[in-house]
Amino acid sequence: MTNSPTHIQLIQPDDWHLHIRDGEVVKDVLADTARQFARAIIMPNLKPPVTTVALAKAYQSRIDANLKALGITNFLPLMILYLTDNTSAEEVRKAKAEGIAGFKLYPAGATTNSDAGVSDIKHCYQALEAMQVLGIPLLVHGEVTSADIDIFDREAVFIDTVLEPLRKDFPELKIVFEHITTKQAAHYVRDAAISKKNSIAATITPQHLLMNRNAIFAGGIRPHNYCLPVLKREEHRIALLEAATSGNARFFLGTDSAPHAKGAKEAACGCAGCYSAFNALGLYAEAFESVGKLDKLEGFASFFGPDFYGLPRNSKKITLAKQAQAIPVELPLGDATIVPLRAGETVAWSLV
Ligand code: OTD
Ligand code: ZN
Ligand code: ZN
């Protein structure tokens with residue numbers, strides 16, 4: 001990689017955590033992602049959720065039809081199944097045979113469209129056993145959901161009450177702790193003992209690297225900075241930035257870009273989710289540059305994800321330039337609009 005202060009060249013990145021939804025809006029959000037990324041893990045929290053191989057295949061062909069209509073030939077969606085209390089070991093075997101990239105654990109009620117999620121992880125033990133044997137990763141939304149746990153503590157409590165016991169019961173399971181938001185999670189993943197057979201990794205979003213919880217309340221309520229897990233205190237942002245830029249292969253890029261129409265965000269009960277897909281790479285470059293670690297961006301964005309998933313690294317190169325990009329105040333989203341992260345402002349880096 002040749003770096004100057006104004007240009008960075010890197011192997012094309014992938015997005016290891018992405019929501020593109022279904023129907024009319026797919027073409028709009030997919031176009032933003034495919035401009036930057038070669039592949040993306042497609043989250044299965046549709047209504048109804050993508051719980052079977054058959055549903056994932058059907059979803060994939062709808063995505064492929066959109067890619068074709070957009071004339072995009074160089075983007076690969078990686079499909080994920082939504083784990084439920086009823087997922088069978090047989091479905092896991094089928095998923096492995098059909099090239100499904102992993103299963104997603106949503107504790108019931110933890111985030112958007114997670115009502116069908118897992119009510120008690122014990123119900124999933126046969127499926128988890130099969131995943132462990134077949135080496136298929138479990139992707140985890142790591143928050144407890146009970147109303148008596150403070151929303152800012154739900155990730156840390158999840159580590160102690162769900163994740164650590166799960167790793168004891170399934171010592172060879174591959175786990176991705178998705179969109180980590182706390183010092184506790186960053187340190188847990190950094191310090192976890194792993195062996196040849198198991199491993200643990202974490203994805204980190206641009207918003208959690210660039211903002212702390214003050215951003216939700218800056219001068220008034222800021223619905224477009226509200227996502228789940230919710231932004232945390234500055235000390236957590238610092239710990240995440242340290243993890244992402246450390247060169248440790250357990251931390252890699254996952255935007256968690258989660259589109260909701262403007263009206264659904266700017267509402268009395270606004271939806272959770274930040275839309276970062278428009279210039280996600282520019283946002284990550286800003287974060288890495290803020291601590292003088294642009295040289296660590298390529299590993300985080302382009303190498304560690306495919307290495308963890310056992311997929312080949314991309315070969316094409318892209319260039320980011322230190323050239324401010326204006327972010328529109330709104331973008332088209334089907335027959336509505338969406339307000340992207342940083343709307344009406346600029347991002348310091350853009351894709352050449
Ligand atoms: N978080 N919104 C959504 C998902 C994520 O937890 C997540 O993965 C969504 O809208 O699908 C959000 O805030
Ligand atoms: Zn999640
Ligand atoms: Zn997500």
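In this predicted model, the second largest pocket holds about 230 Å³ of space. Its lining consists of 13 residues, and those nearest its centre are Ile221, Pro223, Tyr226, Ala267 and Gly270. Sorted by class, the lining of this pocket comprises 10 nonpolar residues, 1 polar residue and 2 charged residues.

The largest pocket has a volume of about 340 Å³. It is lined by 16 residues, among which Met211, Asn225, Arg342, Ala343 and Glu345 are the closest to its centre. The class count for the lining of the largest pocket is 11 nonpolar, 2 polar and 3 charged.

Enclosed space was examined next. The structure contains 3 cavities of 30 Å³ or more. The largest cavity encloses about 130 Å³, and this is the space taken by ligand 1. A total of 19 residues line the largest cavity; His19, Thr111, Leu228, Asp256 and Ala258 lie nearest its centre. Of the residues in this lining, 6 are nonpolar, 10 are polar and 3 are charged.

The surroundings of ligand 1 were then described residue by residue. There are 15 residues around the ligand, and Arg21, Asn45, His141, Leu228 and His260 come nearest to it. Leu228 thus appears both in this group and among the residues nearest the centre of the largest cavity. By class, the shell around ligand 1 divides into 9 polar, 4 nonpolar and 2 charged residues.

Polar contacts to oxygen atoms of ligand 1 come from both side chains and backbone. Asn45, one of the residues that come nearest to the ligand, places a polar side-chain atom 2.8 Å from a ligand oxygen atom. For His179, the distance between a polar side-chain atom and an oxygen atom of ligand 1 is 3.2 Å. In the case of Gly273, a backbone N or O atom lies 3.2 Å from an oxygen atom of the ligand. On its own, ligand 1 has 320 Å² of accessible area, of which the protein covers 100%.

The second largest cavity has a volume of about 40 Å³. Its lining is formed by His224, Ala258, Pro259, His260, Lys265, Gly273, Cys274, Tyr275, Ile338 and Val339. The lining is made up of 6 nonpolar residues, 3 polar residues and 1 charged residue. Several of these residues also feature in the description of the ligand site. Ala258 lines the second largest cavity and is one of the residues nearest the centre of the largest cavity. His260, also part of the lining of the second largest cavity, is among the residues that come nearest to ligand 1. Gly273 likewise belongs to this lining and makes the backbone contact to the ligand.

Conventions
Residues numbered from 1 in each chain as written. Chains lettered and ligands numbered in written order. Predicted model: local features only at pLDDT ≥ 70, side-chain atom pairs only at ≥ 80, totals over all residues. Heavy atoms only, no water. Near = heavy atom within 4 Å. Polar contact = N/O pair within 3.5 Å; in protein donor to acceptor, adjacent residues only side chain to side chain. Areas by Shrake-Rupley, 256 points an atom, 1.4 Å probe, with all protein chains shown as cover. 1 Å grid on protein atoms, 1.4 Å probe; cavity = no way out; pocket = protein on both sides within 12 Å on 5 of 7 lines; lining within 4 Å. Sits in = over half its atoms within 2 Å of the grid points. Nonpolar A, V, L, I, M, F, W, Y, C, P; charged D, E, K, R; others polar. Points joined across faces, edges and corners; volume = space filled by probe spheres on them.
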